Structures are given as C-alpha cells and as structure tokens.
Amino acid sequence: MNALSGPSDQHRYGPAPVLIALIQSAALAQAVCVAADLRIADLMAGGCTTADELAQAIGSHPPSLHRLLRALTSLGLCDEDQAGSFALTPMGSLLRSDTSDSLRSWLLWFGRYQWPVWGRLLHSVRTGESARMLVTGAQGFGLLQNDPEAAALFNDTMVQLTRAVAAEVAYACDFAGMRRIVDVGGGYGTLLAAVLQAHPQLRGVLLDMPHAIEGAAQQFERSGLAERCEVIAGDFFQRIPEGADAYILKNIIHDWDDERSSAILDNCRRAIVADGKLLVIERVMPARMEDSSAYRAIAYADLAMLIGPGGRERTEPELQILLDRAGYDGLVAAMQRALLRLGHVETGGTEPHQFLHPPQTHRLLCRPGLAGGGGCNETNTQEQNERERIEQKVTEITKRDFSSWFVFWKFSISSNLFLNFQKMS
Ligand SMILES: C[S@@+](CC[C@H](N)C(=O)[O-])C[C@H]1O[C@@H](n2cnc3c(N)ncnc32)[C@H](O)[C@@H]1O
C-alpha cells in the first residue's frame, strides 16, 4: 500500500496529505479483502486477464469489477497494460490460495470477521471491553467454537502468519538434548512441525481447543510427523500436559489480561520438568512509540488484542514481571538480538551468542569468504551441503523483518542448566 506515512513524508508533503492517504488506504484495505474473497488472484494466475473474463468467471458486474481491478492496480497488486489487461504483481500473488506464501486466509479473516469489529474500536477505547464480544456475543475464542468457517479462517491465518517465525525458532533455538516439547495453544501446528522437522530427536504435543485439533492432526499427517506428535484437545486454563522438556507459548500471552496470562504461566510451570524451559514468543511493545512501520505493526497488534480477545502487547519489563510472578528465573535471551548478533558474526564482529543453535553458529563462523570468519577447512561434501542449507536458511531468516518479534527463553523455577547465559541488554 502506498499510504504516505512517517515523519519524512509529513515533512515533504505536509500533514494533511499524509492523514488523507492514511484514511484512504484504510478504506482500500477492504478492496484487497474483496479481491481475495472473489479469488481474483487465482483466476488471474489461471489466465483470466481482463475485467470481462474475470467478471464472467466470478459472476460479477463487469464495469464494477474493472473499477476494483484499477483500485488494486493503484495499490500495487496488479499491473494494467495498454490494452486494459491486468497481471498480478508479486504482492498481488500473495492473494492466491495455492502458494506457500499465501496471505489469502488472513485477508478473508480480516475482511469478513475483523472488519466489523474494528468498526467498534470506539467502544473498546471507551470501556476497555472487547468489541468482538459486542459484535459477536462471544468472549475470548468462543466465536471459533461456534463458527467452523471462522475457526478454519482464523487457524489458517495463524498458519500464514506463523510461517514467518517458525523457521527462526526451529533453527535458532537450541533444542539439543530435549526429547519432548509441548506447544500450548499451537493452532494448526505450524511452529511445532517446523521444530520437529529441524530436530529429529524430538517428540511433540500440541494442545489447543477442539476447533483446531482436526486441522492440526491433518497438518502433522501431511508433514509425515503424525508418529512423533500427539494432538490434544484441552483447555490451558485447566491443565497443560506434564513432563515435557520445553513448553512453547507463541502469541498466547498477548491474548489475555495479566490475571489470565498468569494462570497460563502458572499451569506451564506446574507441568514443566525440573530442568525444563519455557519459550515465550511475543511481540514486544516498545517503551516509547515512534512513527515507523515497525512500531505501527506492534500498535496494530496491540489494538487488535484490545478489540478481540481482550489482551495486550507488553513491554519487556511487563513480560518480565508476569514471568517473575509465575516463578520463572531471569530472562535469558531475545532472539531478535541474537539474530542481530548473528549479522555481526557474518561480518566478523562479536562473539556468537550461546543461545544460537551451536552447529549453526559454527557453520557461520567457518563460512568461507567471511570477513573474520573465513578459513574454513571442511572439505567433506556432506558437511558443505549441510552448511549451504543452513546458510540459505539463515539468509532467508535475516532478510525478513524481525523488528516486532522477540523470543524469550525462560528457565523453569528449578533450572540451572543455562545459568551461564548472559542477560542481553
Ligand atoms: C493467537 S492464536 C496462536 C496460535 C499459535 N500458537 C500460533 O502462534 O500460530 C491463540 C491460540 O490459543 C488457542 N486457545 C485459546 N484459548 C485456549 C484455551 N483455553 N485452551 C487451549 N487453547 C486455547 C486458540 O484456539 C488459538 O489457537
């Protein structure tokens, strides 16, 4: 979207054009959702390029569809040629349903279910109450239990959004020596599947509400992980499966207020083995906001929690307080920073952080041609292939925008396994 934004745009164009563009782009988000709903990208990928062809395939009003296509073009999702044919841009291709980087479900979830709820933001700001509750009558995740279509879209949305961090967690966190991990509220299992695939010694348990269980089981079946993963329908406020080495909470704590979050953290602590760990993956609210797209993403998520389940994004000290209260020892590492350090390692900078998976760190250090990291003597082809695979993975990882994602490893109350890890500041 080409909304003007940021201090430099305000300086260049003046505040009014920036504000007007902001409102226009908010409204035009619905045009993108409608395009996703109508499967326009799938049809275009299949060879329909004109408004008439598309209108016929969809059964819609050709002149109006043409106007929608031109709006999409203005937003950078399509290109229009001299003859009036349209083609998808790379961003437009994200609306396809059949690609591995598709964001279509998220657009449908947003356009169909979130849009009316955002329209009641005023209610949430006035009262502190969930606008979703006002609009749907269901609290927390109750809507998903009552509406299978909403549940499928929500769960697919989480798959599409979680893909962005699954590889980082799987490759950058050290799961060595662990045997069993539990993904608490793991949805359709995208993260757990990535971790299990990267660590063949691990077995997994996915706990979620009944609406997610069948989809999760199918996902593990498709990935060939069904034998290594148990899928449990349950309530994390009641009981969390005991005795695993690590518990993952990704985008769980932010759904809830402090009291409910503490209850989940308490239940995890009760379930965890003596030397076990808790992996909390959340965005971290900065102490002060700034005018930037990265901060806007956090502000968006924070308000989405307010109007939706009634949770919030938290600052690092706020997360720390919750974890301290629940009896976890000190904060160990934030993955974003570890990855930034990893960037330093590539340019011959600082020491690799121990939080990184050791073989990965090693490979990076002996990557040929790196300033300060050269001199790799490994000639074994298998080693080299493995190194290239990991380098490619890490390149993919570092290319992405991590600005809003942090990952915390916490010790369980009795753990002293990694006490030599330094708190990163
Ligand atoms: C924001 S989603 C996160 C899903 C997944 N961890 C991810 O990041 O892709 C929150 C998840 O918590 C699950 N959940 C909510 N309340 C729950 C409860 N009481 N017991 C178990 N799971 C619950 C939801 O069904 C949903 O899958």
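Asparagine 251 is buried, because 20 other C-beta atoms lie within 10 Å of its own and a residue counts as buried at 20 or more. The model in which this residue is seen is a predicted one. Asparagine 251 belongs to the loop between β6 and α14. Its backbone has a phi near 55°, a positive value in a residue other than glycine. As a general matter, most residues other than glycine have a negative phi.

A second residue invites comparison. Arginine 39 also is not a glycine, and its phi is positive, at about 60°. This arginine is placed in the loop between α2 (15-37) and α3 (40-45). Is arginine 39 buried or partly exposed? Arginine 39 is partly exposed, because 18 other C-beta atoms lie within 10 Å, and the buried class begins at 20.

From these two loops the view may be widened to the whole chain. The protein has 19 helices and nine strands. It comprises 425 residues, of which 38% count as buried. If one takes the contacts between residues at least 6 apart in sequence, 66% of them join residues at least 24 apart.

Several helix pairs may now be followed in turn. The axes of α2 and helix α5 (residues 62-74) come within 10 Å of each other and cross at roughly 115°. The crossing in which α2 passes α5 is left-handed. On the α2 side, the contact is made by Leu28, Ala31, Val34 and Ala35, and on the α5 side by Leu68, Ala71 and Leu72. By class, this contact of α2 with α5 has seven nonpolar residues, with no polar and no charged ones. In general, an α-helix has 3.6 residues a turn, so residues three or four places apart point the same way.

Helix α5 also takes part in a contact with helix α4 (residues 51-58), where the axes come within 9 Å and cross at roughly 115°. Here α4 passes α5 in a right-handed crossing. Ala51, Asp52, Leu54 and Ala55 of α4 meet Pro62, Leu65, His66 and Leu69 of α5. The contact of α4 with α5 has six nonpolar residues, one polar and one charged.

Further along the chain, helix α14 (residues 258-271) packs with helix α16 (residues 316-325) at an angle of about 50°, and their axes are 9 Å apart. That angle makes α14 oblique to α16. The crossing of these two helices, α14 and α16, is right-handed. In α14, the residues Asp258, Ser261, Ser262 and Leu265 meet Leu322, Leu323 and Arg325 in α16. The residues of this contact of α14 with α16 divide into three nonpolar, two polar and two charged.

The surroundings of the ligand come next. What residues are closest to the ligand? Within a group of 19 residues that surround the ligand, the closest are Met158, Thr162, Gly185, Gly187 and Lys250. Two or more residues of this shell come from each of the elements α11 (148-172), α12 (190-198) and β4 (203-208). Classified by type, the shell around the ligand has nine nonpolar, six polar and four charged residues.

One of these elements, α12, deserves a separate look. Helix α12 is mostly covered, with seven of its nine residues buried. The buried residues of α12 are Thr190, Leu191, Leu192, Ala193, Ala194, Val195 and Leu196.

Two single residues complete the path. Alanine 87 lies in strand β2 (residues 86-88). It is partly exposed, because it has 14 other C-beta atoms within 10 Å. Leaving aside residues up to four places away in sequence, alanine 87 touches Met44, Thr49, Cys78 and Asp79. Of these partners, threonine 49 is 38 residues from alanine 87 in sequence, while the two are 6.4 Å apart in space, C-alpha to C-alpha.

Glutamine 238 is placed in the loop between β5 (229-233) and β6 (246-250). Glutamine 238 counts as exposed, because it has 8 C-beta neighbours inside 10 Å and the exposed class covers 12 or fewer. Between the C-alpha atoms of glutamine 238 and isoleucine 264 there are 8.7 Å, and the two residues are 26 residues apart along the chain.

How values were computed: Residues are numbered from 1 along each chain as its sequence is written. This is a predicted model: local features need pLDDT of at least 70, side-chain atom pairs count only at pLDDT 80 or more; totals for chains, interfaces and linings use all residues. Axes are lines fitted to C-alpha atoms, for helices over the stretch in contact, and angles run from 0 to 180 degrees between N-to-C directions. Helices (H or I, at least four residues) and strands (E, at least two) are DSSP runs, numbered from the N terminus. Angles under 35 degrees count as roughly parallel, over 145 as roughly antiparallel, 65 to 115 as roughly perpendicular and the rest as oblique. A crossing is left-handed if the near helix is turned anticlockwise from the far one by less than a right angle, and right-handed if clockwise. Two residues are in contact if their C-beta atoms, placed from the backbone, lie within 7 Å. Ala, Val, Leu, Ile, Met, Phe, Trp, Tyr, Cys and Pro count as nonpolar, Asp, Glu, Lys and Arg as charged, and the others, Gly among them, as polar. A residue is near a molecule or strand if its C-beta atom, placed from the backbone, lies within 6 Å of it.
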